[in-house]
Amino acid sequence: MKHLITPLVTCILFVVSFSAFAQSDVSVLNGYKYIYLRPLTYQDGTSDKWGIRNAVREKLMASGLTVLEAVTLTPQGTPANCLTAVCTIDHTNNAYQAASDYIYLKIFNCQGQTIYASQGATGAVVLSFQQGWRKATKEALRDFSSYKYKFDEKSTFESKLFGSLPPVEKIDENEETLKKYFSETAIDPIEGIYKSYQAQGMTYYKVAIKKFGTTYKMIIIDAEYRAWRPGEVKAYFEQSSMTGLFSVKWYMGDKRPYETFGSFGDDAILTIELKDNQTGQKRQDKFIKMFPLTSNGRNVNTGTKIKASGSGFFISTDGLVATNAHVVEGSQNITLSISHETGNSKYKAKILLIDNKNDVAILKIEDENFTSLAKLPFGIIEDAEIGEKVFTIGYPLNDIMGSNYKVNDGIVSSKSGIADDIRYYQISVPLQPGNSGGPLFNKQGNIIGITSARLNSKAVGTEVENVNYAIKSAYLLNLYNMLPSRSKINTSSQVANKELKDQIKVLKDFVCLIVVN
């Protein structure tokens with residue numbers, strides 16, 4: 001009577017394959033990265049008593065494959081991701097060795113498809129169990145004798161499965177370069193690094209949102225769904241006229257565009273409205289901001305002491321001040337600081353009107369120490385010509401460059417901005433963080449725009465110098481005209497015939513440093 005021992009040997013390889021390959025072609029493993037060899041345990045409690053697991057492990061390593069000691073599997077026993085394939089070795093031995101026994105080697109991918117299979121026999125006559133299983137193991141591993149592993153990304157499961165998907169924009173950024181940018185640059189509240197909150201069908205994503213011109217791009221850092229590669233753009237965000245609300249062009253799993261909306265609030269949570277592919281119902285997917293650290297939705301860069309968000313200027317004698325929307329967006333407390341020959345005056349202010357789409361805001365001073373101004377020495381006009389000389393007064397990098405106002409001059413280089421955006425002037429006036437929201441004066445001392453942005457070399461992929469932008473005064477006037485009761489805007493300058501140095505002595509008293517808390 002035969003005594004049967006029925007052990008099961010299972011080894012797992014991190015592999016990828018789109019469909020079942022020819023089952024005798026071991027080169028299929030070039031589409032994988034790692035091998036996991038599950039411990040071999042027999043029913044009697046012993047482990048790898050015949051040395052089969054060790055023999056398989058040594059042969060795989062000799063072929064150049066990386067052997068891992070642990071891996072995560074799904075409840076169905078398949079790999080937890082598609083860089084995984086499972087190799088099983090089944091064998092049944094007879095106590096009396098009356099006939100040949102076999103080892104069956106099978107390797108299958110994350111879809112459960114067999115991608116490689118082989119077998120080896122002990123032979124009918126052997127001197128010992130160990131000798132028989134050594135012979136069977138060697139025969140089952142015969143294809144590995146001449147095989148040399150060489151990873152081929154084009155042979156992976158993802159490449160074959162997702163290779164036909166439409167292309168998306170790819171940006172040369174990684175987590176290290178993005179963190180460096182976020183740490184050293186004055187960024188908007190929505191910019192930073194996020195992780196997806198995995199609920200309602202949303203898979204794991206680690207992404208960064210970075211501003212390019214007037215558009216925010218969501219860049220993949222890491223993704224569980226391997227159709228998405230690091231550097232690819234997952235979504236585009238455009239600020240709406242409402243604070244914290246964005247129009248979103250989102251790319252689904254199959255990389256088809258989907259138009260939707262997103263919101264970002266003081267809790268540092270980004271919410272995107274998406275549609276469930278299975279139910280067709282809309283759902284709210286959330287991303288949690290991880291970097292930089294935030295406080296009430298505003299970025300806190302630990303390496304900087306800058307509190308000044310930018311500059312502003314008076315547009316009425318009763319305490320209305322204009323600036324950029326991004327300077328004060330999300331602020332809780334606003335303080336205006338104005339330099340005089342005898343010192344500084346500080347006043348509390350609030351947001352009266354804000355136009356995020358065109359990056360314009362109007363503040364209202366609400367401070368008992370403020371008294372109305374006699375008259376504004378400048379006008380606000382809508383006319384400017386290419387080549388016209390211009391200058392600005394502002395408070396750039398006040399914690400580094402000092403708290404006094406700074407003056408820079410240049411010319412109008414173009415009557416349109418990035419991608420021919422007609423809302424902007426391109427100017428050669430040097431701008432730094434803190435200049436945002438300041439007035440752009442023409443040579444007569446009239447305001448023609450609001451200094452707002454500079455072209456970032458990283459954003460365009462090449463070095464650029466003195467390419468800066470100012471939102472045209474027409475957009476400020478449009479916002480001002482929305483006020484139900486308003487005074488007439490002055491259109492003439494009292495300093496038109498003065499030299500620049502004398503113009504500045506007058507105009508500086510109507511330009512302020514904006515500090516947000």
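**Figure 1. Lysine side chains over aromatic rings in the predicted model.** Lysine 255 is placed over the face of tryptophan 228, with a distance of 5.0 Å from the ring centre. A second such arrangement involves lysine 472, which lies over the face of tyrosine 425 at 5.2 Å from the ring centre.

**Figure 2. Aromatic pairs in the protein chain.** A pair of aromatic rings is described by the distance of the centres and the angle of the planes. The count of aromatic pairs comes to 14. One of them joins tyrosine 181 and phenylalanine 182 in an edge-to-face arrangement, 5.8 Å centre to centre and with 65° between the planes. Tyrosine 181 and phenylalanine 182 are both buried. Phenylalanine 391 and phenylalanine 441 form a stacked pair, with 5.1 Å centre to centre and 20° between the planes. This pair links distant parts of the chain, 50 residues apart: phenylalanine 391 belongs to strand 24 (residues 389–394) and phenylalanine 441 to strand 27 (residues 439–442). Phenylalanine 391 and phenylalanine 441 are buried. Together with Phe378 and Phe510, Phe391 and Phe441 form one aromatic cluster.

**Figure 3. Strand 11 and the strands paired with it.** Strand 11 (residues 215–223) is largely enclosed by the rest of the structure, because 7 of its 9 residues are buried. Strand 10 (residues 205–212) pairs with strand 11 in the antiparallel sense over 8 bridges. Within this pairing, valine 207 of strand 10 stands opposite isoleucine 220 of strand 11. The hairpin of strand 10 and strand 11 has 2 residues between the strands, and glycine 213 takes a positive phi near 65° there. Strand 11 is also joined to strand 12 (residues 233–239) by 4 bridges, and these two strands run antiparallel. Isoleucine 219 has valine 233, in strand 12, as its bridge partner.

**Figure 4. The largest nonpolar core and another core apart from it.** The largest nonpolar core has 51 residues, of which Ile315, Leu336, Leu476 and Ile514 touch the most other members. Strand 30 (residues 511–516) supplies the largest share of this core, with 6 residues. Another core, of 37 residues, lies apart from the largest one; its members include Ile193, Val207, Ile209 and Phe246. Leucine 476 is in contact with Phe313, Ile315, Ala322, Val360, Ile362, Ile380 and Ile450, leaving aside neighbours within four places in sequence.

**Figure 5. Two stretches with pLDDT below 50.** For the protein chain the mean pLDDT is 80, and 81% of the residues reach 70 or more. Residues 1–22 have pLDDT below 50; this stretch has 111 contacts in the model beyond near neighbours in sequence. Residues 295–307 also have pLDDT below 50, with 33 contacts in the model beyond near neighbours in sequence. Where pLDDT is low, the predicted coordinates should not be read in detail.

**Figure 6. Secondary structure, burial and contacts of the protein chain.** The chain contains 9 helices and 30 strands. Of its 517 residues, 49% are buried. Among contacts with a separation of 6 or more, 60% are between residues 24 or more positions apart.

How values were computed
Residues are numbered from 1 along each chain as its sequence is written. Side-chain values use heavy atoms; hydrogens and water are left out. Rings of Phe, Tyr and Trp (its six-membered ring) pair if their centres lie within 6.5 Å; planes under 30 degrees apart count as stacked, over 60 as edge-to-face and the rest as tilted. Buried means under 20% relative accessible area, exposed over 50%, partly exposed in between (1.4 Å probe, protein chains only). A charge sits over a ring if NZ of Lys or CZ of Arg is within 6 Å of the ring centre and within 35 degrees of the ring normal. pLDDT is the predictor's confidence in each residue, from 0 to 100. Contact means heavy atoms within 4.5 Å. Two strands pair if DSSP finds at least two bridges between them. A nonpolar core is a set of buried Ala, Val, Leu, Ile, Met, Phe, Trp, Tyr and Cys residues joined through side-chain atoms within 4.5 Å.
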